[in-house]
Structures are given as C-alpha cells and as structure tokens.
4 protein chains.
Amino acid sequence: MALAIGVDIGGTKVAGGVVDGAGRVVAETRRPTPNDDAEAALDAVVEVVRELAAGRDVVAVGVAAAGYVSADRTTMLFAPNLPWRNVPVRDHVSASVDVPVIVENDANAAAWAEHRFGAGRGEPDLVCLTVGTGIGGGIVIDGRLYRGRWGIAGEPGHLNVVPDGLPCGCGNRGCLEQYVSGTALTRYAREQAERDPERAARLLDLAGGGEIDGVHVTAAAREGDPLAVSAFDVIGRWLGRGLADLTAVLDPGVYVVGGGVADAGELLLGPARESYVEHLSGVAHRPVAPIRPAALGNDAGVVGAADLARP
Amino acid sequence: MALAIGVDIGGTKVAGGVVDGAGRVVAETRRPTPNDDAEAALDAVVEVVRELAAGRDVVAVGVAAAGYVSADRTTMLFAPNLPWRNVPVRDHVSASVDVPVIVENDANAAAWAEHRFGAGRGEPDLVCLTVGTGIGGGIVIDGRLYRGRWGIAGEPGHLNVVPDGLPCGCGNRGCLEQYVSGTALTRYAREQAERDPERAARLLDLAGGGEIDGVHVTAAAREGDPLAVSAFDVIGRWLGRGLADLTAVLDPGVYVVGGGVADAGELLLGPARESYVEHLSGVAHRPVAPIRPAALGNDAGVVGAADLARP
Amino acid sequence: MALAIGVDIGGTKVAGGVVDGAGRVVAETRRPTPNDDAEAALDAVVEVVRELAAGRDVVAVGVAAAGYVSADRTTMLFAPNLPWRNVPVRDHVSASVDVPVIVENDANAAAWAEHRFGAGRGEPDLVCLTVGTGIGGGIVIDGRLYRGRWGIAGEPGHLNVVPDGLPCGCGNRGCLEQYVSGTALTRYAREQAERDPERAARLLDLAGGGEIDGVHVTAAAREGDPLAVSAFDVIGRWLGRGLADLTAVLDPGVYVVGGGVADAGELLLGPARESYVEHLSGVAHRPVAPIRPAALGNDAGVVGAADLARP
Amino acid sequence: MALAIGVDIGGTKVAGGVVDGAGRVVAETRRPTPNDDAEAALDAVVEVVRELAAGRDVVAVGVAAAGYVSADRTTMLFAPNLPWRNVPVRDHVSASVDVPVIVENDANAAAWAEHRFGAGRGEPDLVCLTVGTGIGGGIVIDGRLYRGRWGIAGEPGHLNVVPDGLPCGCGNRGCLEQYVSGTALTRYAREQAERDPERAARLLDLAGGGEIDGVHVTAAAREGDPLAVSAFDVIGRWLGRGLADLTAVLDPGVYVVGGGVADAGELLLGPARESYVEHLSGVAHRPVAPIRPAALGNDAGVVGAADLARP
C-alpha cells in the first residue's frame with residue numbers, strides 16, 4: 001500500500017516517519033525543535049519531509065503539533081511550544097513536496113493512530129487521552145475524527161471537575177488537567193514532601209537534593225513507595241471521574257490512555273478504572289466502556305498524521 | 001414533499017402529528033398515556049398512527065419516548081414513564097402500517113427537530129438541552145444525530161458538576177440535573193421558604209397554602225420577586241457551567257435550550273449566558289457558541305421523530 | 001472524694017453510673033430506653049438515679065442525652081431519640097433526689113470525660129468527636145466546656161465540607177457527617193456493592209443475603225478486604241479534612257475521636273491523620289495537634305455527666 | 001479611668017494612640033513602617049510609645065501586628081509585613097517604658113476592641129472578621145480573647161470552603177480568604193474584564209488604562225454597575241458560607257465584619273446575610289446570630305491592643 005509521511009513537532013524534537021498502509025513506520029528521522037524561531041521551525045519540518053521523501057514514492061504528508069489548527073487543516077492558529085500564530089504550514093510545506101499536505105492537532109493524530117492501528121482498532125467511537133504535562137484529547141465518532149465546529153473539540157483536559165478549583169492556564173478554574181497530569185503528580189508529591197519529609201524519604205532520596213520530578217514519582221511508585229503510589233492513586237481517581245463525565249456526553253466504545261504519565265500503567269489506570277466505575281451514571285444498566293493503555297507509544301503522532309493525510 | 005408521522009409519548013399524553021418536509025405539523029391527535037399498562041400504551045401509539053395515516057400518503061413513522069432506545073432503533077430498552085422493558089415497539093407498530101417505523105429517544109428527536117427546522121437550523125454541530133423535571137439532551141454532529149456506541153450518548157444532565165454532590169436517580173452524585181431542572185428550582189424555592197418565610201412571602205401567597213411549585217416560581221420571577229428571580233439565577237448559573245463543560249468536549253456551533261423550565265426565557269438564559277462565558281476554557285481565543293431558546297416548543301418531539309423516520 | 005451519678009440516655013438504653021472523683025465508675029445500672037413515651041423516659045431516669053443513690057452519699061446528678069440542651073442546663077429543648085421537646089428534666093429529677101442536677105448534651109459530656117480522665121487528660125484545649133450514626137462534638141477551651149451563646153456550639157459534624165453536597169438532616173447540604181459517619185461508611189459500601197458485586201464479594205458474604213452494615217464493613221476491613229479498607233480510607237480522609245478545618249478556627253491541643261465507627265482504630269485514624277496533615281493551613285510553621293483514639297469507650301457519657309454535675 | 005497606649009503596626013504605617021478606659025483615643029501619632037529593617041521597625045514602635053507616653057500617666061502598652069504571636073504575648077514569632085522572626089518585642093519596648101507591655105495579633109486586637117467598645121459591645125461570645133487583602137479573625141469566648149493552644153486560633157480565612165480549590169499562601173487549597181478578600185474581589189473583576197470587556201466598560205473606564213483595583217470595584221458597585229455589584233455578590237455569598245461554618249463550631253452571639261473590603265457595607269453584607277441563612281445548619285430551630293459591620297474602623301487595632309494590655 002501507499003506510503004505517507006507523518007511529522008510530529010514536539011517540545012524538544014521534530015520527529016518524522018514514513019508510514020505504510022498498515023501503520024508501520026518504515027523509515028524515520030528527527031531534528032531538534034527550534035522553539036524560539038518560527039521560520040527555523042518551518043524549515044526543520046521541510047527538511048524532515050525532504051529527507052524522508054527522497055527516493056520514495058509518498059502520496060501525502062501530515063504535520064502534527066500541539067495547538068489549535070484551522071478547521072480546513074491548513075494553518076496553525078496557535079501553538080504553545082512554538083512562536084507560531086496563524087502560520088500557513090500547509091502552504092509552506094506544500095511548496096517543497098508534490099503531494100497533498102495537511103496539518104492536525106497532535107492529540108487528534110494520536111487518537112486517530114490508536115483508532116486505526118492501536119488500542120482502539122476496530123472501534124468506531126473512541127476517546128483517546130494523552131496524559132503528559134497536561135491532557136491532550138482526541139475523539140473519533142462513527143469512524144471519523146471529530147474536530148468540532150471551530151476545530152477545537154476534544155479538550156477533556158478542560159472539563160471542569162472542581163467548581164472554583166485550581167486555576168488553569170486556559171483562564172478557567174478546576175480543569176481536569178490540573179488534577180490529572182504530570183504537573184499534578186509532581187505538585188502533589190512536592191507538597192507532601194514539604195509537609196511530611198519523613199513520609200517522602202524515598203522520593204527525596206531519588207531527587208538527590210534537587211526537586212522531586214515525575215520520573216522520581218514513577219520510579220518510587222514502581223518500588224511500592226506508599227507516598228508515590230498514593231500520588232498516582234490521587235490523580236488516577238480524578239482521571240476516572242473525568243472519564244465518567246465523558247461517558248455521559250459521548251458514550252464511546254473504548255477509552256485509550258497514553259502519554260508519559262500513563263507509562264506508569266496500572267499505577268494510574270487501576271485507580272482510574274475503580275473511580276470510573278464508582279462515578280458512572282446508570283452504571284447498573286449500561287455496558288461499561290473499557291479503559292485501555294495506548295499501544296503506539298511515541299509513534300502515535302507520526303503514524304496518525306501520516307494516515308490522516310492520505311487522500 | 002412527503003408526509004411522515006411522528007408520535008411523542010409523554011408522561012401524560014401520547015401526541016401524534018403528520019409532518020411535512022418543511023417540518024410543519026399538518027394534522028395532529030392525542031390520547032392519554034396509559035402509564036401502568038404496557039400493552040395499552042402500545043395500543044395507544046397504534047391508534048394514533050392509524051388515525052393520522054387514514055386517507056393520507058405517509059412514507060414513514062417515528063416514535064419518540066423518554067428512555068433508552070436500542071442502537072438499531074427498533075426497541076425501547078427502558079422507559080421511565082412506562083412499564084416498557086425491551087419492548088419491540090418498531091415491530092408492533094409496523095404490523096399496522098405499511099411504511100418504515102423507527103423508535104427514538106425523545107430528547108434526541110427534539111434536538112433533531114431544532115437542527116432541521118428550529119433554533120439550530122443550518123448548524124451542523126449542535127447540542128440541544130431540554131430542561132424539565134430533569135435534563136434531556138441531544139447531540140447533532142456533522143449534520144447527523146449522534147447516538148453513541150450503545151445508544152445512550154448525549155446525557156449532559158449527568159455531567160458531574162459537584163464532586164460528591166447531591167445524589168441523583170442515576171446512582172451517581174452531583175449530576176448537572178440535580179442543580180438545573182424543575183426539581184432543582186422548586187427545591188431551592190421551598191428550602192428558602194422554610195428558612196426565611198418573610199423573603200418567600202410572594203411565593204407562599206401564590207402557592208395558596210399548598211407546596212410551592214415550578215409554576216409559582218416562574219410566575220413570581222416574571223413579576224420580579226427577588227427570591228424567585230434568584231432561584232432562576234442559581235439554576236441558570238449552573239446551566240452555564242454545564243454548557244462550558246460541554247464546549248470543552250464538543251465545541252458545537254450552537255446550544256439550543258428548551259423544555260418547561262426554559263419557558264422562563266431570559267430569567268434562565270440570562271444568568272446561564274453570563275456564567276457560561278465566565279467558565280469557558282480559552283474564552284479569549286475562541287468563538288463563543290450562542291445559546292438560543294428552542295423554537296419548536298412542544299411539537300419538537302413529534303416533528304423530530306417524523307423527520308428522523310424518513311428514509 | 002465525693003461521688004456523683006451520671007446518666008446517659010442513649011437510643012437503646014438508659015445507662016447510669018456512680019462515679020468517683022477520679023472518674024472511676026464504682027457502680028452501674030441500666031434500663032431500656034422507652035423511645036416513644038416522654039413520661040416513661042423521665043421515669044426511667046429517675047429509677048436509675050434512685051437505684052444508684054440508695055445507700056450512697058452522692059453530691060450531684062448529671063443527665064446526658066443527644067440533642068439540644070438549654071443554656072442553663074435545666075431543660076432538654078429537643079432530643080432526636082426521644083419525644084422530648086422543652087422538657088424540664090432538671091426539675092423532674094431534682095424532685096426525687098436531694099442534690100444538684102444538671103442536664104448536658106451527650107457529646108459534650110463525653111468530651112469532658114476525655115478531657116478530665118481520658119485521652120485528653122491534662123490538655124486545656126481539646127476537641128472531641130464521637131463518630132457514630134452521625135458526628136457528635138464537644139469543645140473544651142481553657143479547661144472549661146464551651147457551649148456557645150445558645151448552647152449549641154461544637155457541632156463539627158455540620159461543618160460544610162462539600163459546597164452544594166449531600167443533603168443533611170439539618171437542612172443544609174454537604175455537612176461533614178454526610179461524609180464521615182456510620183451512615184457514610186455503609187452507604188459507600190452498599191453503593192460499591194451494587195456497582196461492582198465482584199469487588200464486594202466478601203462484604204456480601206458477611207451480610208449473608210441481608211443489607212451490608214457497618215459491622216460487616218469493619219469486620220471485612222480488619223481482615224484486609226480491599227473494598228472495606230477503601231471505605232474506611234474514604235471516610236477517614238474526609239475526617240482529616242474536617243479536623244484541618246477545626247484547627248484553623250480553634251487551634252486545639254489535641255483531638256480525641258471516639259464512637260462506634262472509631263472502634264475500627266487505625267483503619268479510620270490512619271487515613272484521617274494523613275489527610276489532616278495534607279490539609280492543614282500553615283503546617284510547616286505550626287505544631288500539629290495529635291489525633292488520639294478515645295480512652296473511655298461507652299462510659300464517657302456517664303463519667304462526663306457525673307463530673308460536670310459536681311458543684 | 002487609666003490611660004493605656006496601643007500601637008498597631010500595619011503594612012504602611014505604625015499607628016499609636018493613647019486610649020482611655022472607655023475606648024476613646026485621646027491622642028495619636030504615626031510613623032511610616034520600615035518594612036525591610038527589623039531594628040528600625042522596633043525603633044519606630046519605641047519612638048511612638050515614647051512620644052505618646054511623654055507627660056502622661058499611662059498604665060500599659062499593647063503592640064499589635066499581623067502575624068503569629070507567642071502564647072505568652074511577649075514575642076512576634078512571624079510577621080508577614082516585617083522581617084521579624086522570633087523577635088522579643090515585649091522586652092525591647094519594656095526597656096524604654098516603665099509599665100507592662102504585651103504583644104498581640106492585630107485581628108485579635110480588633111476583635112477585642114469591637115467586643116469592648118464597638119459593634120459587639122456587651123456580647124461575650126463574638127467572632128470578628130477583618131476582610132482586607134486576606135481575612136484576619138479574632139474570637140471572643142465567655143468575654144475573653146481566645147488564642148488557642150499555640151496562639152494561632154481564630155483563622156477563619158483558612159477554613160476550607162472548596163475541596164481542592166484555589167491555592168492559598170498557607171500551603172493549603174480552597175481557603176475562604178481565596179474567595180472572600182480584596183484579592184478575590186479584584187481577581188474576579190479582572191477575569192471578567194478580560195472575558196467580556198463590554199460588560200466591564202465602567203470598571204475599565206475607572207481604571208483608566210491601568211489594572212482594575214479594589215477601589216474601582218467599590219466605586220462602580222456604589223454606582224450600581226452590574227458587574228461590580230456581582231463581584232461583591234460573589235464574594236459576599238462565600239462569606240455567608242464561611243460564617244455558617246463558623247456557627248456550627250462556635251455558635252457565637254454576633255459576627256462583626258470589618259476591614260477595607262467591608263467598607264462597601266451592604267454591597268458585601270447583604271449577600272453575605274442571605275447566603276449565611278441559606279447555609280446555616282438547623283436554621284429553623286436556632287437563634288440566628290446577627291452580622292454587623294465593625295464600628296471602630298482603623299482605630300480598632302490601637303484601641304484593642306491598649307485595652308488588652310491593661311493589667
């Protein structure tokens with residue numbers, strides 16, 4: 001089947017891959033992300049595309065990045081990691097390749113990849129959450145990616161879970177991503193370490209005098225450290241509440257949870273499932289959509305962007 | 001254009017109408033709802049259909065009722081107002097008319113009607129809320145009614161707005177419809193009347209010695225009675241929070257709000273709009289979907305059911 | 001030292017004891033509580049007093065019961081377990097003994113006993129919580145029982161912990177005792193058993209076909225059953241939040257927690273302590289008042305009532 | 001009656017007064033607060049005391065400041081506005097006057113002044129809240145100032161009103177002062193101005209291109225500007241919830257509310273009273289403590305400190 005190129009512009013690197021019709025990455029390359037230079041970032045994307053396209057017969061290019069994408073998939077309206085405001089990425093990249101180019105939100109691309117080739121394969125109604133620094137989301141409905149009226153649907157991280165709760169960068173308070181994210185995990189662990197250093201002995205030890213970070217919490221939780229386990233328990237239980245909320249609106253067939261924090265696996269998903277069932281509306285009279293770990297890892301953005309770009 | 005029959009089975013009456021291609025009701029009839037008798041309720045539907053079909057060339061029949069409908073639109077799995085559990089309504093009605101028959105949730109039918117002929121006309125991505133005793137909801141996405149994986153999507157009344165809040169009939173706590181509904185309106189007014197009878201003088205007067213009811217609150221609010229106005233303010237503000245939540249997930253083009261409580265118009269929608277804007281995620285950087293009153297009133301269920309039934 | 005009589009009118013029995021100056025019960029008796037008969041309840045108290053006073057030199061009588069007591073300690077204004085409304089208990093009992101008689105709220109009596117002879121001995125500023133069906137509370141300030149301006153201070157069970165939360169019998173919503181009490185424990189266990197019977201297997205087994213009750217949850221939790229342990233964890237964590245709230249207002253020297261639910265010991269107090277430290281204001285810059293289990297068990301009401309009655 | 005000196009060390013000025021036995025300020029003076037210099041701040045206090053004592057027969061000196069005071073009233077343990085950590089203020093000031101000196105928390109001093117000479121005169125059980133940048137509190141019980149076991153009782157600003165709510169400088173989340181304070185008032189107004197500049201036209205006009213501040217909100221609210229009135233309504237309603245919480249614990253005879261934000265009078269206290277009655281536990285069966293505006297204004301700290309110092 002036909003090959004397509006996917007490019008995923010992350011906070012630290014621009015990753016590109018050639019993806020076949022079965023979602024396999026048959027070649028890949030990467031560049032550091034030029035975070036402060038809009039032009040250089042575009043150039044990096046073009047370089048990645050050219051390198052991958054050289055000597056191959058590719059039919060399309062998909063570019064994914066965090067941020068708002070115009071409804072016609074041509075323009076990056078706003079990107080949190082790049083100085084891109086209303087940048088016509090499609091036109092810029094199109095100028096150097098002779099195939100169709102589209103732009104997509106990275107969490108949407110990841111959701112699409114999991115739907116087509118990953119943990120949500122075969123399931124036409126799916127919600128995918130990427131839990132990293134914040135929460136990214138993508139919704140697949142009736143086998144199609146749902147973008148919303150203005151291209152910004154699928155932001156479950158901004159569901160309000162605590163009325164008048166923690167302030168969020170989005171301007172609202174009490175958003176889910178303030179309670180479920182790497183940020184929330186680390187904040188909880190640091191707060192507890194300050195309140196009760198004895199209970200946090202293992203975490204402080206791992207941090208070696210520096211600040212406690214997500215990797216320390218994950219490592220300690222895997223060893224069974226009670227405070228670290230309880231940190232995942234707290235954020236996992238909020239995640240379950242968020243999924244119960246999404247279910248009331250969307251009634252999807254499956255949830256797929258990926259991202260760096262979800263690498264902790266059942267430490268996060270165990271409490272999430274328990275809390276999800278505790279908070280589902282009408283649970284006794286409905287099928288319960290399963291919560292699955294994402295299957296494609298870091299490739300999801302590249303694979304999804306490539307596949308969405310295919311005509 | 002072709003005529004279709006819509007039947008809307010409510011708590012007190014079975015209403016039927018013949019609907020033309022422009023959403024106009026060209027004929028109608030009704031029967032009392034036989035609430036306690038599953039057979040009699042089916043018979044009432046059939047009678048309504050026969051009466052309306054007689055001497056007319058109708059192409060389809062749609063039957064709407066509160067409750068869960070099977071994904072293939074043939075069977076009523078559960079209906080709160082009727083003793084129907086897994087009743088094959090489609091087959092039963094089909095036996096007496098020679099055209100296709102479908103069954104649909106009543107709030108879905110109303111949402112569809114508002115999308116096709118009412119306040120959401122021309123808008124492919126729409127959420128419709130029917131605020132009565134509880135909250136019914138319907139979602140239109142890309143111009144199609146969205147039912148969810150198991151047919152029970154679109155239940156915004158069961159979004160959790162208060163963690164560990166008021167108990168809900170659905171088995172969960174803190175659901176939106178516990179804070180926005182006729183029940184919530186009346187409960188608030190009664191509670192305040194018990195706490196501070198003086199402040200509730202006008203309401204108690206209207207209730208004439210009986211219990212304060214929704215009609216008393218609406219009447220007093222229209223006169224400008226401060227307690228009654230404040231009751232609508234309280235529930236309206238919760239409604240705005242709920243719509244902000246829905247926006248984070250669905251990013252629709254318009255909200256349509258109908259149902260008995262919404263007949264109070266701006267008394268409810270004014271505070272809802274204010275609170276909605278106060279709680280929108282990323283409000284400074286996104287278009288704000290308008291909140292409109294429903295246009296079709298009590299006919300929405302009949303019109304929507306008929307239109308959805310058309311092949 | 002002088003002997004005094006204490007009488008504690010509970011939901012099922014009227015317990016009386018002769019208490020010496022060191023808080024020891026040197027004699028005791030009991031009667032069933034005549035719950036439906038105001039006169040008979042008074043008679044039962046008098047009988048208990050007469051029996052205990054016979055042949056002994058007692059200097060005072062204290063009568064404790066759940067409910068509101070007048071500020072002059074003569075009258076029971078309202079009692080939830082008895083048909084007593086504005087009953088002059090002091091006068092009635094005084095007629096049959098020749099020593100001073102006082103009436104006191106039972107949780108106040110228990111707090112006083114713990115302050116004088118129990119877990120709060122030697123501590124002039126103390127809060128005692130009795131966690132049973134609901135939460136009773138007593139506050140000792142500067143070595144004196146604090147009753148408030150109208151005699152109804154010390155109701156920590158009615159601190160609001162969830163804005164717009166679960167409805168409470170007191171007419172408010174979200175009161176602490178809706179989240180920390182035998183009622184809350186049982187409700188949580190039953191809800192989970194309905195949602196996920198498999199997870200509740202041990203509890204359902206102990207309930208033997210009947211309703212799951214507090215004793216089953218405690219028994220299962222002692223065996224280590226995960227769901228039962230998690231039920232205590234949930235209510236214990238709310239208790240910790242409540243104690244953190246009380247600390248912001250009262251800054252007491254110690255908390256004493258008694259009552260039937262607290263018999264589970266560390267199953268309740270462990271999570272309570274953890275959550276208490278997590279939610280204390282200014283925790284890094286203040287001494288942390290310890291949380292201790294009550295020491296006097298069921299005798300606390302009798303001992304406290306007797307001691308408070310001493311002139 | 002005997003004269004005493006009170007000194008109130010505020011964020012911008014050190015105010016001193018000679019106070020007679022009726023609470024009248026018969027002479028006063030002030031210095032700028034040397035915020036960054038611990039020695040200079042002590043010197044300023046001594047200068048104020050010397051100036052006021054010269055040629056007068058004073059019997060005592062009381063010094064009030066925001067912060068934690070040792071239980072023996074000799075030492076400032078921590079002061080947010082000054083670089084004082086464990087400063088023996090009593091000894092330092094005593095060295096230059098020949099009368100007893102005490103140190104007291106400023107909100108405690110204000111509460112005492114209102115109890116003795118102001119809005120709470122004659123009421124033995126009183127809670128006073130000073131709503132400024134944050135919330136200060138003082139509790140009078142049985143006619144005595146209540147300091148708590150470690151001197152830090154009476155911090156109603158750190159009652160938790162929103163579980164997992166807005167972060168507070170005290171290290172906790174969801175504290176009352178995050179929802180009721182000048183900070184909260186301004187934050188709400190600014191947020192709304194950003195979300196809906198049209199609605200905030202009058203406020204933006206008053207701010208004249210600068211940031212919207214508390215004075216602008218108060219001024220606009222007095223003119224009836226809807227957004228400004230609604231800002232006071234929002235914080236006033238939270239205040240009412242906080243007072244209902246305090247009532248469950250303390251059952252005081254009266255609440256006195258002072259501070260800069262409370263200068264707005266009924267704009268704040270009106271919604272506070274309404275919400276207070278809405279959230280009181282057992283409201284139908286108890287007397288309702290009145291909420292009164294403070295009577296002594298800026299003098300309260302000076303008057304209370306002087307009066308508390310009297311032997």
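**Exercise 1. By what turn and what shift along the axis can chain A be laid on chain B, and with what RMSD?**

*Solution.* The model is a predicted one, in which local features need pLDDT of at least 70 and side-chain atom pairs count only at pLDDT 80 or more, while totals for chains, interfaces and linings use all residues. Residues are numbered from 1 along each chain as its sequence is written, and chains are lettered from A and ligands numbered from 1 in the order in which they are written.

Step 1: a turn of 180° with a shift of 0.0 Å along the axis lays chain A on chain B, and the RMSD is 0.0 Å; such superpositions are by least squares on the C-alpha atoms of residues with pLDDT of at least 70 in both copies.

Step 2: for chains D and C, a rotation of 180° with 0.0 Å of shift along its axis superposes chain D on chain C, with RMSD 0.0 Å. These two copies are thus related as by a two-fold rotation axis.

**Exercise 2. Describe the contact between chain A and chain B, and then that between chain D and chain C.**

*Solution.* Step 1: chain A gives 42 residues to the contact and chain B gives 42 residues, where two residues are in contact if their C-beta atoms, placed from the backbone, lie within 7 Å. Helix α7 (residues 226–250) of chain A supplies the largest share of the side of chain A that touches chain B, 7 residues; helices (H or I, at least four residues) and strands (E, at least two) are DSSP runs, numbered from the N terminus.

Step 2: this side of chain A has 24 nonpolar, 11 polar and 7 charged residues, with Ala, Val, Leu, Ile, Met, Phe, Trp, Tyr, Cys and Pro counted as nonpolar, Asp, Glu, Lys and Arg as charged, and the others, Gly among them, as polar. Because 100% of the interface residues of chain A are also interface residues in chain B, the copies meet through the same surface.

Step 3: in the other pair, 42 residues of chain D are in contact with 42 residues of chain C, and helix α7 (residues 226–250) of chain D brings the largest share of the side of chain D that touches chain C, 7 residues.

**Exercise 3. At what angle do α7(A) and α8(A) pack, and how far apart are their axes?**

*Solution.* Step 1: α7(A) and helix α8 (residues 266–279) of chain A pack at an angle of about 40°, with their axes 6 Å apart; axes are lines fitted to C-alpha atoms, for helices over the stretch in contact, and angles run from 0 to 180 degrees between N-to-C directions.

Step 2: α7(A) and α8(A) are therefore oblique to each other, given that angles under 35 degrees count as roughly parallel, over 145 as roughly antiparallel, 65 to 115 as roughly perpendicular and the rest as oblique.

Step 3: the residues of this contact divide into 12 nonpolar, 5 polar and 5 charged; among those in α7(A) are A:V229, A:F232 and A:I235, and those in α8(A) include A:L267, A:L268 and A:Y276.

**Exercise 4. Which domains does the assignment give for chain A, and how do they meet?**

*Solution.* Step 1: the automatic or database domain assignment gives domain 1 (3–112 + 299–309) and domain 2 (122–294) of chain A, whose C-alpha centres lie 27 Å apart.

Step 2: 12 residues of domain 1 of chain A are in contact with 16 residues of domain 2 of chain A. On the domain 1 side, β5 (68–69), α3 (106–117) and α9 (300–309) of chain A are the elements that give two or more residues, and α3(A) gives the largest share, 6 residues.

Step 3: the axes of α3(A) and α9(A) come within 7 Å and cross at roughly 80°, and the two helices are therefore roughly perpendicular to each other.
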